[in-house]
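Please load the coordinates in your viewer and keep the sequence panel open beside them, as this tour moves from one selection to the next.

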Amino acid sequence: MPSTVVHCALAGLLAAGLLGDRFDARAVAIVLAATIVPDLDVVAGFLIPGGHRSVLHTLLLPLTGAALLAYDTRIRKRSFVRRRWHARGVRIAWVSIAAVAFASIGLDLVAGGVNLFYPLHDQFYELSGEFVFSNNRGLVQTFVDLGGNSGGEAARGSTEQVHINSGVDPTRGAESNTVERIFPVAQSGWQLLLLLTSGFVLTVRLWETR
């Protein structure tokens, strides 16, 4: 399961690649803050069973943000964002939305699953599989079930059936005093490499802006 630090590492790379000449420490901080927001639903599990990775991990969050920002900047006669923060604010807002969609929700979608369309559709999904070319089998992909089976292999269950553990809420319901609470930083080699790469890229970009 990716930690919040890993989410921020991927978001940092998105910020470095997409902010362009708007890149600076403050802009990166805003993008990282937006990336952390979905992880705040970790406390929702105390009020809503299965609320972790549901309440704020829904794609409705970035889609609504994108729709509101597009309306404000492209349709309204006087854009609130442009008037308040100018073109810089618009760029940072779009990158923040992209970070929420890809670095936060997207990363969890491929690592444990998220309730992708909650609350309109209460179903956890996990994107897993392979996309390879085999000399025996040809082009093989198992990410999307093309056989017409209802639900598909990606469907994992509703909030009543799925609990995503965390250091805050390790198990569904009450825990014993001796329960182990794990707050991960990096749980695999690729996660550690992502942290180091993001740290290096952001350091270089920030040094260049001085």
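For the first stop one cut-off is needed: a residue is called buried when its relative accessible area is under 20%, exposed when that area is over 50%, and partly exposed in between. Please bear in mind throughout that this is a predicted model.

Begin by selecting L18, which is found in helix α1, covering residues 4-18. With a relative accessible area of 40%, L18 lies between the two cut-offs and is therefore partly exposed. If you then display its surroundings, leaving aside residues up to four places away in sequence, you will find that L18 touches R91 and V95. From L18 you can also draw a distance to Q191, a residue 173 positions apart from it along the chain, and the separation of the two C-alpha atoms comes to 22 Å.

Next, select R53, which is placed in the loop between α2 (25-36) and α3 (60-75). The backbone deserves attention here, since R53 has a phi near 65°, a positive value in a residue other than glycine. Its relative accessible area is 1%, so R53 is buried.

Move on to H86, which lies in helix α4, residues 80-109. Phi of H86 is likewise positive, near 65°, and this residue too is not a glycine. Is H86 buried or exposed? Its relative accessibility of 52% means that H86 counts as exposed. As background to these two stops and to the next, most residues other than glycine have a negative phi, and most peptide bonds are trans.

Now select residues 114-125 in order to view strand β1 (residues 114-117) together with strand β2 (residues 121-125), which run antiparallel and are joined by three bridges. The two strands form a hairpin, with three residues between them. Within this pairing, F117 stands opposite H121 of β2. In the loop between β1 and β2 you will find P119, and the peptide bond that joins Y118 to P119 is cis, with omega about 0°.

Finish at the largest pocket, which holds about 370 Å³ of space. Which residues of its lining lie nearest its centre? They are M1, T4, S166, G167 and P184, out of a lining of 20 residues, so named that you can select these five and centre the view on them. If you colour the lining by residue class, it divides into nine nonpolar, eight polar and three charged residues.

Conventions
Residues numbered from 1 in each chain as written. Predicted model: local features only at pLDDT ≥ 70, side-chain atom pairs only at ≥ 80, totals over all residues. Heavy atoms only, no water. Pairing = 2+ DSSP bridges. Helix = DSSP H or I, 4+ residues; strand = E, 2+ residues; numbered from the N terminus. Buried < 20%, exposed > 50% of the residue type's maximum accessible area, 1.4 Å probe, protein only. Contact = heavy atoms within 4.5 Å. 1 Å grid on protein atoms, 1.4 Å probe; cavity = no way out; pocket = protein on both sides within 12 Å on 5 of 7 lines; lining within 4 Å. Points joined across faces, edges and corners; volume = space filled by probe spheres on them. Nonpolar A, V, L, I, M, F, W, Y, C, P; charged D, E, K, R; others polar.
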